[in-house]
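Reader: Before accepting the terms applied to a structure, I should like to see each one justified. Please show the structure and then defend the wording.

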Amino acid sequence: MNKELTGIEWRSDQWLAQFNGLRPDNVLEYFSQSPFWDSSSNNAVLKMQTQFNDLQQASYDLKTMVGVEFSVTHQEPPSLFVITKFRRASPTKVTPIAVYYILDGNAYEAPSVHSIVSTRMLSSIKQVERAFALARAHAEFHPATGYSWAESREQKAARKAALKDIQLS
């Protein structure tokens, strides 16, 4: 599931009203209702296996499983929760796959560093291209004199007047 979901904002007002808002103990349950949730994750599998048991054992069991899992990695209840999607290879080796955040009940996927940097670079390159196009429009070339800057009559008159002022001083 490598779909681009950074443009999606998700919210469930019914869920928030039913459970009286978000808390550290229910934020993953809320997140599991979103399109960002992976139903084949270790969290979902463990939830199905322990739905009629004591859920205190769930966090311990997640660390022993291999595969994709979700974890709340930062929280400032009740307004901000950061959830990271990991790929767990062993009890001690985890690799982050994606980061999601819930801000005031709205869930988002955080853009990757790659997409942020590439977007910024593309924007910068477009600005440089515009600057070169503008400069190219004012440059003139003559085989005898080489490149020179094309000036309007007003600009040329102002430059000559400034040169006269400098020479008179």
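Author: The following exchange sets the terms used for this predicted model against their criteria.

Reader: Why is S34 called buried?

Author: The term buried requires a relative accessible area under 20%. S34 has a relative accessible area of 6%, and therefore S34 is buried. The residue lies in the loop between helix 2 and helix 3 (42-49). The C-alpha atom of S34 is separated by 9.5 Å from that of Y108, although the two residues are 74 residues apart along the chain.

Reader: How do you know that strand 1 and strand 2 pair?

Author: Two strands pair if DSSP finds at least two bridges between them. Strand 1 (residues 67-76) and strand 2 are joined by nine bridges, so the criterion is met. These strands run antiparallel, and a hairpin joins them through three residues. Within this pairing, F70 has K85 as its bridge partner, while E76 stands opposite L80.

Reader: What makes strand 2 and strand 3 a pair?

Author: The criterion of at least two bridges applies here too. Strand 2 and strand 3 have nine bridges in the antiparallel sense, and they therefore pair. Their hairpin has five residues between the strands. K85, the bridge partner of F70, also stands opposite A98 in strand 3.

Reader: What makes strand 2 mostly covered?

Author: Eight of the nine residues of strand 2 are buried, which means that each of these eight has a relative accessible area under 20%.

Reader: Which residues touch the most other members of the largest nonpolar core?

Author: The core has 18 residues, and those with the most contacts to other members are L22, Y30, F31, F36, I83, Y100 and I102. Two or more core residues come from each of helix 1 (13-18), helix 2 (27-31), strand 2 (80-88) and strand 3 (94-103).

Reader: How do you know that L22 touches I102?

Author: A contact requires heavy atoms within 4.5 Å. L22 touches I102, so heavy atoms of the two residues lie within 4.5 Å. Not counting residues up to four places away in sequence, L22 also touches W15, L16, V27, Y30, P78, F81 and G105.

Reader: Why are V113, V117, M121 and I125 called a nonpolar patch?

Author: A patch of this kind takes residues with over 30% relative accessible area and no salt bridge, their nonpolar side chains being joined within 5 Å. V113, V117, M121 and I125 form such a patch, so each of them meets these conditions. Together they have about 390 Å² of accessible area. M121 is placed in helix 5 (residues 113-138).

Technical notes: Residues are numbered from 1 along each chain as its sequence is written. This is a predicted model: local features need pLDDT of at least 70, side-chain atom pairs count only at pLDDT 80 or more; totals for chains, interfaces and linings use all residues. Side-chain values use heavy atoms; hydrogens and water are left out. A nonpolar core is a set of buried Ala, Val, Leu, Ile, Met, Phe, Trp, Tyr and Cys residues joined through side-chain atoms within 4.5 Å. Buried means under 20% relative accessible area, exposed over 50%, partly exposed in between (1.4 Å probe, protein chains only). Helices (H or I, at least four residues) and strands (E, at least two) are DSSP runs, numbered from the N terminus. Patches are made of residues with over 30% relative accessible area and no salt bridge: like charges are joined within 9 Å, nonpolar side chains (Val, Leu, Ile, Met, Phe, Trp, Tyr) within 5 Å. Accessible areas come from the Shrake-Rupley method with a 1.4 Å probe; for residues, only the protein chains shown count as cover. A salt bridge is a side-chain nitrogen of Lys or Arg within 4 Å of a carboxyl oxygen of Asp or Glu.
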